[in-house]
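Ready for a bit of practice? Work through the exercises below with the model open beside you.

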Amino acid sequence: MIIAIDGLAGSGKTTAGKGLAKAIGFRFISSGQLYRFKALEPDVDLLEAVKEHKLKIEWDIEWEGKDISAELQREEIGSRASEIALLRDVRDEVNNVLRFVAEGGNYVIEGRDIGTVVFPEAGVKFFLTAEEGVRARRRAEQVGEEVNIAERDERDKKREIAPAKAAEDAIIIDNSYQSVEETIKEMEGRLPKDEFDFQRFLQYVLGPPVRGLFRIEVVKSHPLKHGRWILTPNHTSAWDGVCLAAVLQRSAYYVAKVELRRILGPLLSILNAVTIVRDTPDLKAIKAIRALLTKEKIVVIYPESKIFTDGIMGPFKEGAFYFLRKRMAPVVPVVIKGLERITVNTFFTRHVRIAFLDPIYPIDVFGLRENDISDKVKRLMVNAYESM
Ligand code: C5P
């Protein structure tokens, strides 16, 4: 999901945007930093540099392994950036990079025209404003020098291409007299919520007893309340899906093999299962999963595709990381330990630990083959499993 935050200089976009992204587990991009980078290095082809992993634009701007964000904040560069931001070619180049990097990810992106021009289909659009005096003071505090904010505002608002203005469907927030925390809270409250379904109901009712029964402990977590995610858990028992559901505060769609439909029948649909025919490219299932991701849902895919009960992870199926490689969603590898070789006798003595590893975004694995991605994720999961 893309969350667009637009506004003029000093409207608090960057601070509030970063805060929101942290709170909900998204990544953050400041598009202004890209204009600033272009002002500093006019000869660099931004898209090429990003594809070669020479330029990193998330959270901070890293150029050839060096964090140059602070340097880009100099007022002189900001002023030059706002001049070149008038040029069509420069705007097209920056917009292409933003769309490329963000494809299939969960991002908060801040700028002047994110909701109007770059991502008109963004999941939510905010437009932050504040009184001019307040904005000038904030900006001056930020750069430590007097700034002529009015001049830049005029240029940004009046320019012909992509002027800074609120999209028609933007949520406008005036934060002149709000703390950063209040702005973040307000934005978080305005994010779209999933509809309440049967799985969510079961989570409410059965979540606490299941967590108690298996003594579930989340040893590492990542916020998953908003946006699209693919979870790839290891699979030691039929109970690990139950444990996972008991700690997720959201409905998820479980990709299950089609044989399960015969055993569980309609129950599977109630539990949001997507059935897949194993070992064949199942186009119908791929389409269904793609549609769920577009609707910003959570999809669970077991990369081992079947249960390996002794805790030694089986080979990862090709295709488990198809949606990551095809830039449709980020992957959160999930490691579950404590359900190995479960029997009636040992059922009540379990201590289950769950770790949600750091998300892997499409941009992180750009240029890698599916096998390399799969190996990389498996290594991360095995290491985590062994250290739990
Ligand atoms: O937001 P920041 O001050 O870092 O942006 C620097 C300049 O880049 C702005 O003054 C504006 O002219 C330009 N810009 C833009 N469109 C964006 C982001 C920034 O034109 N989406």
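Buried means under 20% relative accessible area, exposed over 50%, and partly exposed in between (1.4 Å probe, protein chains only). Helices (H or I, at least four residues) and strands (E, at least two) are DSSP runs, numbered from the N terminus. This is a predicted model, where local features need pLDDT of at least 70, side-chain atom pairs count only at pLDDT 80 or more, and totals for chains, interfaces and linings use all residues. Residues are numbered from 1 along each chain as its sequence is written, and side-chain values use heavy atoms, with hydrogens and water left out.

**Exercise 1.** Work out which residues of α17 are buried and where they lie around the helix.

*Solution.* Start with the list: E370, I373, S374, V377, M381, A384 and Y385 are the buried ones. Now look down the axis of α17: these residues fall within an arc of 100° (taken from the directions from the helix axis to the C-beta atoms), so they line one face. Then check the other side, where R379 and E386 are exposed. Last, find what the buried residues pack against (contact means heavy atoms within 4.5 Å): β10 (229–233), α16 (322–325) and β14 (331–337).

**Exercise 2.** Find the strand order of the open five-stranded sheet and name its edge strands.

*Solution.* Two strands pair if DSSP finds at least two bridges between them. Following the pairs gives β2-β6-β1-β7-β8, with parallel pairing. At the edges stand β2 (27–30) and β8 (171–174); each has a single partner strand, so one side of each lacks a neighbour in the sheet. For a close-up, take β1 (residues 2–7) and β7 (residues 124–129), which pair over five bridges. There, D6 has F127 in β7 as its bridge partner.
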